[in-house]
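Here are my notes on the model you sent over, set out as numbered points. I hope they are handy to keep beside the viewer.

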Amino acid sequence: MNPCRLVIFVLLCLLTLSAYAPLPDNPDAVEGKWLSARKKNQVQIFKQGNKYFGRIVWMAEPNDPETNRPKTDRENPDEKLRNRPLLNLVIMTNLTYKGNNVWTDGQIYNPEDGKTYSCDLTLKDPNSLDLHGYVMGIPLLGKTKTWTRVR
């Protein structure tokens, strides 16, 4: 075999294998701003103690088209909370790092339907985060959305 071809073959093998290398185990790797799957919101994930939380920090449409005022949590089942603004609302709570780029045992609030779901996060790569929301504590009864890191 030609030495040049051998070198190219070895380099291609190394590049291919490096794509499958695991991400470094960093509990804080999830921190930062993430664009939701539907690209309507950005959520800032932050650490408080040993738990992770997320708050809405940007909205594609921050004002209610009917009133031209900031959107509020009007679908909340608790009438007292329906006037709170969505911007800066903490919607993700109590996630715990389990290792291998997985955060579990958290909850996520969906202001579009006023419901709170169990959730887990999996960091697929430095810029892609899978959020799995589910009901009744049963992961099979849910769906996964991919969020993208905001630079």
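1. Let me start with Y52. In this predicted model, Y52 counts as buried because its relative accessibility is 2%, and the cut-off for buried is under 20%. W103 counts as buried too, at 0% relative accessibility.

2. Before going on to the partners of Y52, a word on aromatic pairs, of which the structure holds three. One of them is formed by F46 and F53, a stacked pair with 5.8 Å centre to centre and 25 degrees between the planes. Y52 and W103 form another aromatic pair, this one edge-to-face, at 6.3 Å centre to centre and with 80 degrees between the planes. Since Y52 belongs to strand β3 and W103 to strand β5 (residues 102-110), the pair ties together parts that are 51 residues apart in sequence. Y97 comes in here as well: ring pairs link Y52, Y97 and W103 into a cluster.

3. Are the rings of the stacked pair buried or exposed, going by F46? F46 is buried, because its relative accessible area is 17% and buried means under 20%. F53 also counts as buried, at 13% relative accessibility.

4. One more ring deserves a look, that of Y109. R84 lies over the face of Y109, and the distance from the ring centre is 5.8 Å.

5. Now for the fold. The protein chain has one helix and eight strands, and along the sequence they come in the pattern α-β-β-β-β-β-β-β-β. The eight strands make a closed barrel that runs β1-β2-β3-β4-β5-β6-β7-β8, with antiparallel pairing. On average, neighbouring strands of this sheet are turned by 35 degrees against each other, direction ignored. As a reminder, strands of a sheet pair through backbone hydrogen bonds, either parallel or antiparallel.

6. To trace the start of the barrel, take strand β1 (residues 32-35) and strand β2 (residues 41-48), which pair in the antiparallel sense over four bridges. Here W34 stands opposite V43 in β2, while L35 has Q42 of β2 as its bridge partner. The hairpin of β1 and β2 has five residues between the strands, and in it K39 takes a positive phi near 60 degrees.

7. The following step joins β2 to strand β3 (residues 51-59), again in the antiparallel sense, over eight bridges. Q44 stands opposite R55 in β3. Two residues lie between the strands in the hairpin of β2 and β3, where G49 takes a positive phi near 65 degrees.

8. Which residues does Q42 touch, not counting residues up to four places away in sequence? They are K33, W34, L35, R55, I56, V57, W58 and V150. Q42 lies in strand β2 and counts as buried because its relative accessibility is 14%, against a cut-off of under 20%.

9. Finally, some totals for the protein chain. Of its 151 residues, 31% are buried. The chain exposes about 9,900 Å², and carbon and sulfur atoms supply 56% of that area. Among contacts between residues at least 6 apart in sequence, 39% join residues at least 24 apart.

Conventions: Residues numbered from 1 in each chain as written. Predicted model: local features only at pLDDT ≥ 70, side-chain atom pairs only at ≥ 80, totals over all residues. Heavy atoms only, no water. Buried < 20%, exposed > 50% of the residue type's maximum accessible area, 1.4 Å probe, protein only. Contact = heavy atoms within 4.5 Å. Areas by Shrake-Rupley, 256 points an atom, 1.4 Å probe, with all protein chains shown as cover. Pairing = 2+ DSSP bridges. Axes fitted to C-alpha atoms, helices over the stretch in contact; angles between N-to-C directions. Phe/Tyr/Trp six-rings, centres within 6.5 Å; stacked < 30°, edge-to-face > 60°. Lys NZ or Arg CZ within 6 Å of the ring centre and 35° of its normal.
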